[in-house]
Amino acid sequence: MSSVSYVNGSYVDHSEARVSIEDRGYQFADGVYEVFAVINKKIVDYDDHLNRLFRSLKEISLDTPIAKDAYLVHIRNLVRKNYITNGIIYLQVSRGVASRDFKFPINTKPSIVITAKRISMENYYEKFKRGIKVKITEDLRWKRVDIKTLNLLPPVLAKQEAIESGCDEAWMTDANGYITEGSSSNAWILIKNKLITTPTSSSILKGITRTTLIRSLKNKNIQLIEKRFNKKDIKKSSEAFITSATQFVMPVIKIDNDKIGNGRVGKFAQIFRESYMEAIQLK
């Protein structure tokens, strides 16, 4: 974790960072967040992440606590102060501190916290070579998961179920048995060289990495289909993947008890990863 964080206007030692016990983010999950990847000191997909943050703020009627231009200033400062080459920036905005009451408080200033963490790209590449395992779980989330809110208990429980089953990620299914997305990622399968991912709606978060990968594939002569898929479709797939700001493009080699393809990372995994890295100008 970072040694320096940004909390409500001040840069503080991370171990000394404090928020009130009456912050509505803590008591009600009344807030939103974003995660920015940093690769080679570059903030990846910054504009898209910031635009999604402001969309999330608008959807829950929450004002930004700082000017829009100030976000980049503080994120860059944390990258510099924490000597981050490769890492993650976590940014959270809550409705602020007020006496506990369900209704919105009046004249309460929103709270903002930004932290930073170093990551190892070597660990990512090693994990990519092995691929990951996925557990199918039930999607227990609310009906507006297109908003990146702090209400993360259902995906936390899904992730924990996956971990306890010896898997790395959970893919959640709706009431009709269709995959919505991963607990912290978007889900993809490949059938007969056709790349399939769940279409955007209020039932999934429109992943920024997802959007960038789709954009990057337009000139790669790869057929992309946005449609719902289920366990039967998964059994037909030759490869599978997740995408996220922390995992970029990551191949899936097993889902529940079923191997994907031959149970090893397939040839398209490298193509999709390189296409994504090229799109963010890091190939």
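**Close-up 1. Aspartate 258 and lysine 235 pair across the chain of this predicted model.**
Aspartate 258 is partly exposed, with a relative accessible area of 30%. Its side chain meets that of lysine 235 in a salt bridge, 2.7 Å from N to O. The pair links distant parts of the chain. Aspartate 258 belongs to strand β15 (residues 258–259), while lysine 235 belongs to helix α7 (residues 231–236). They stand 23 residues apart. Lysine 235 counts as exposed, because its relative accessibility is 57% and the cut-off is over 50%. Side chains of opposite charge can pair when their charged atoms come close.

**Close-up 2. Lysine 220 forms a salt bridge with glutamate 278.**
The closest N and O atoms of lysine 220 and glutamate 278 are 2.9 Å apart. Lysine 220 lies in the loop between α6 and β12 (223–226), and glutamate 278 in helix α8 (residues 267–279), so the pair ties together parts that are 58 residues apart in sequence. Are these two residues buried, partly exposed or exposed? Lysine 220 is partly exposed, at 34% relative accessibility. Glutamate 278 is partly exposed too, at 39%.

**Close-up 3. Glutamate 34 and arginine 52 form a buried salt bridge pair.**
Here the closest N and O atoms are 2.6 Å apart. The pair links distant parts of the chain, 18 residues apart. Glutamate 34 sits in strand β3 (residues 31–39). Arginine 52 sits in helix α2 (residues 46–59). Both residues are buried. A search of the whole structure finds 16 salt bridges. Some salt bridges join into a network, linking Arg55, Glu59, Arg144 and Asp146.

**Close-up 4. Arginine 95 is a buried loop residue with many contacts listed here.**
Arginine 95 is found in the loop between β5 (87–94) and β6 (111–118). Its relative accessibility is 6%, so arginine 95 counts as buried. What does the side chain of arginine 95 reach? One polar contact, at 2.7 Å, is with the side chain of aspartate 30. The side chain of arginine 95 also reaches the backbone oxygen of isoleucine 60, at 2.8 Å. Neighbours within four places in sequence are left aside in the contact list. Among the residues in contact with arginine 95 are Arg24, Ser61, Leu62, Phe104 and Pro110.

**Close-up 5. Asparagine 86 reaches the backbone of asparagine 40.**
Asparagine 86 lies in the loop between α3 (68–81) and β5. At 15% relative accessibility, asparagine 86 counts as buried, because the cut-off is under 20%. Its side chain comes to 2.8 Å from the backbone nitrogen of asparagine 40. Leaving aside neighbours within four places in sequence, asparagine 86 is in contact with Val38, Ile39, Asn40, Lys117, Arg118, Ile119 and Met121.

**Close-up 6. Threonine 198 is buried in the loop before α6.**
This loop runs between β11 (194–197) and α6 (208–216). The relative accessible area of threonine 198 is 7%. Which backbone atom does its side chain reach? It is the backbone oxygen of isoleucine 179, at 3.0 Å. Not counting residues up to four places away in sequence, threonine 198 touches Ile179, Thr180, Ala187, Ile204, Arg210, Lys227 and Phe229. Threonine 173 is 25 residues away from threonine 198 in sequence. In space, the two are 11 Å apart, C-alpha to C-alpha.

**Close-up 7. Helix α6 is largely enclosed by the rest of the structure.**
Why is α6 described as enclosed? Eight of its nine residues are buried, so the rest of the structure largely encloses this helix. The buried residues are Ile208, Thr209, Arg210, Thr211, Thr212, Leu213, Ile214 and Ser216.

**Close-up 8. Helix α8 has the span expected for its 13 residues.**
At 1.5 Å a residue, α8 should span 18 Å. The end C-alpha atoms of α8 are 19 Å apart, which agrees. Buried residues of α8 include Phe268, Ala269, Phe272 and Tyr276. Glutamine 281 follows α8, and its phi is positive, near 60 degrees.

**Close-up 9. Leucines and a valine make a nonpolar surface patch.**
Leu152, Leu153, Val156 and Leu157 build this patch of about 360 Å². Leucine 153 lies in helix α5 (residues 153–164). Leucine 153 is exposed, with a relative accessible area of 54%.

Note on methods: Residues numbered from 1 in each chain as written. Predicted model: local features only at pLDDT ≥ 70, side-chain atom pairs only at ≥ 80, totals over all residues. Heavy atoms only, no water. Helix = DSSP H or I, 4+ residues; strand = E, 2+ residues; numbered from the N terminus. Buried < 20%, exposed > 50% of the residue type's maximum accessible area, 1.4 Å probe, protein only. Contact = heavy atoms within 4.5 Å. Polar contact = N/O pair within 3.5 Å; in protein donor to acceptor, adjacent residues only side chain to side chain. Patch = residues over 30% accessible without salt bridge, like charges linked within 9 Å, V, L, I, M, F, W, Y side chains within 5 Å. Areas by Shrake-Rupley, 256 points an atom, 1.4 Å probe, with all protein chains shown as cover. Salt bridge = Lys/Arg side-chain N within 4 Å of Asp/Glu carboxyl O. Expected span 1.5 Å × (residues − 1).
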